Amino acid sequence: MQFETIPHPAPTSDAAREAAVADPGFGTVFTDHMVTIDYDEEKGGWHSAQIGPRQPIPLDPASSVLHYAQEIFEGMKAFPHADGGLAMFRPRANAERFNASARRMAMPELPEDLFLEAVRLAVKTDAKWMPNVDGGSLYIRPFMFASEAFLGVRPATQYKFVVIICSSGSYFKGGVNPVKIWVSQNHVRAAIGGTGAAKTGGNYAASLVPQAEAIEKGCDQVVFLDAAEHKWVEELGGMNLFFVRRDGSVITPPLTGTILPGITRDSLIEMLREEGLTLREEPYSIDQWREEAESGELLETLACGTAAVVTPVGTVASPDGEFTIGTGGIGQMAMKMREKLVGLQHGRIADKHDWVMRL
């Protein structure tokens, strides 16, 4: 499919762009362009691929996404390399997960090569927005939503795929520090048979009230327990978890359909095994978490995701009190895995997995 280029009538000036990316934070400094591709069942599928100015998207008030929430997205990054080039980390895994989400939400799949071409084109077009800050990257947000105007509970027949980009610094203010998390008592993220394994906006909407509760309690993030027994640890609002134990084993909750299959999670599983650790995907209860932390059997808890990379969990709080992981600081394994992963992404460490795609 050929992409039509729509010239930008008023691109951001060099001075304004440099000021914006000097301290971009996360998720608020957007680049000039976006990619769009339309889908229409009656027209035979995907068509009208374009790259043009980032601008508002006109929507009919009856657009299906506004009423029935057919929407999915991905989160991925482009990284600077020392030779001046850019690279993405495991983008085909994002394309595969995007289509898995589409299938669960009764949406059309986007050919993986078309997904990758759309992302590459967006990044190349706005490469000048790469921030020159420690850990800086271009955060890429491909998403798709139902655009057909109708009121009725059925899958839409028209969709729009879009790629936007923002300049990104550190996900957490203050850089890499141990986070304090709140155990949600009255809310769950997902249930067996639900949409927990799909990267769809509704899952994140459901996390906002408990996340606000966590912040009110002085915590950075919320951790969810399972919906059936309310005892098994699942994931944070936007990150997967790993439990590093004194006996050389690492446990991460299994993918049973309620947990998002994180790409960083999958990468860490392989990297931890390369360190000689025994990695097990098995249930881990909140009681076990507390008991092993208090006994010293648990050395570290790692939270991971595209935005936050690898972040140590220092303290876990709930109405039953708090407990500390290890010393409450940044553990050796957290820093080692973070440095290794960031090194791979930025081209400072040899990529023997073929995970890095140069642009």
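This is a dialogue on reading strands, cores, salt bridges and loops in a predicted model.

Me: Let us start with strands. Is β16 enclosed or open, and what is the reason for that reading?

Reply: Count how many residues of the strand are buried. In strand β16, residues 298-305, seven of the eight residues are buried, so the strand is largely enclosed by the rest of the structure.

Me: Which strands pair with β16?

Reply: Strand β13, residues 240-245, pairs with β16 in the antiparallel sense over six bridges. Strand β17, residues 309-318, also runs antiparallel to β16, and four bridges join them.

Me: Which residues can I use to find these pairings on screen?

Reply: For β13, look at V244, which stands opposite E300 in β16. For β17, look at V310, which stands opposite C304. The link between β16 and β17 is a hairpin of three residues.

Me: How do side chains sit along a strand?

Reply: In a regular strand they alternate between the two faces of the sheet. Another strand to inspect is β6. Four of the five residues of β6 are buried, so this strand is largely enclosed by the rest of the structure.

Me: What does β6 pair with?

Reply: Three bridges join β6 to β8, and the two run antiparallel. Three bridges also join β6 to β7, again antiparallel. A78 stands opposite L138 in β8, while P80 has L86 of β7 as its bridge partner. Between β6 and β7 there is a hairpin with five residues, and G84 in the turn has a positive phi of about 95°.

Me: Now the cores. What is the general idea behind them?

Reply: In soluble globular proteins, nonpolar side chains tend to be buried together. Here the largest nonpolar core has 39 residues, and V35, I37, F115, V123, I140, M144 and F161 touch the most other members. The elements that each supply at least two residues of this core include β3, β4, α3, β8 and β9. Helix α4 gives the largest share, seven residues.

Me: Take V123 from that list. Which residues is V123 in contact with, leaving aside neighbours within four places in sequence?

Reply: V123 is in contact with A78, L86, L138, I140, I165 and L359. Apart from the largest core lies another core, of 24 residues, with L302, V310, M333 and L344 among them.

Me: How many salt bridges does the count come to?

Reply: The count comes to 21 salt bridges. When reading one, check the distance between N and O, then where each partner lies and how accessible each is.

Me: Where do R17 and D14 lie relative to each other?

Reply: Both are in helix α1, residues 14-21, three residues apart, so about one helical turn separates them. They form a salt bridge whose closest N and O atoms are 3.1 Å apart. R17 counts as buried at 10% relative accessibility, whereas D14 is partly exposed at 47%.

Me: Which parts does the salt bridge between R90 and D266 tie together?

Reply: The N to O distance in this salt bridge is 2.9 Å. R90 lies in the loop between β7 and α3, and D266 lies in helix α7, residues 263-274, so the pair ties together parts that are 176 residues apart in sequence. R90 counts as buried at 16% relative accessibility, and D266 as partly exposed at 35%.

Me: Which residues are linked in a network of salt bridges?

Reply: The network links R245, D247, E292 and E297. Within this group the side chains of D247 and R245 meet at 3.0 Å, N to O. R245 is buried, with a relative accessible area of 12%.

Me: Last, loops. Is P24 buried or exposed?

Reply: P24 is buried, with a relative accessible area of 4%. P24 is found in the loop between α1 and β2. Although P24 and S168 are 144 residues apart in sequence, their C-alpha atoms are 5.7 Å apart in space. Leaving aside neighbours within four places in sequence, P24 is in contact with V29, P131, V133, S167, S168 and G169.

Me: And where does G326 lie?

Reply: G326 lies in the loop between β18 and α9. At 45% relative accessibility, G326 counts as partly exposed. G326 touches L298 and L299, not counting residues up to four places away in sequence. The C-alpha atoms of G326 and T252 are separated by 18 Å, with their positions 74 residues apart along the chain.

Technical notes: Residues are numbered from 1 along each chain as its sequence is written. This is a predicted model: local features need pLDDT of at least 70, side-chain atom pairs count only at pLDDT 80 or more; totals for chains, interfaces and linings use all residues. Side-chain values use heavy atoms; hydrogens and water are left out. Buried means under 20% relative accessible area, exposed over 50%, partly exposed in between (1.4 Å probe, protein chains only). Two strands pair if DSSP finds at least two bridges between them. A nonpolar core is a set of buried Ala, Val, Leu, Ile, Met, Phe, Trp, Tyr and Cys residues joined through side-chain atoms within 4.5 Å. Contact means heavy atoms within 4.5 Å. A salt bridge is a side-chain nitrogen of Lys or Arg within 4 Å of a carboxyl oxygen of Asp or Glu.
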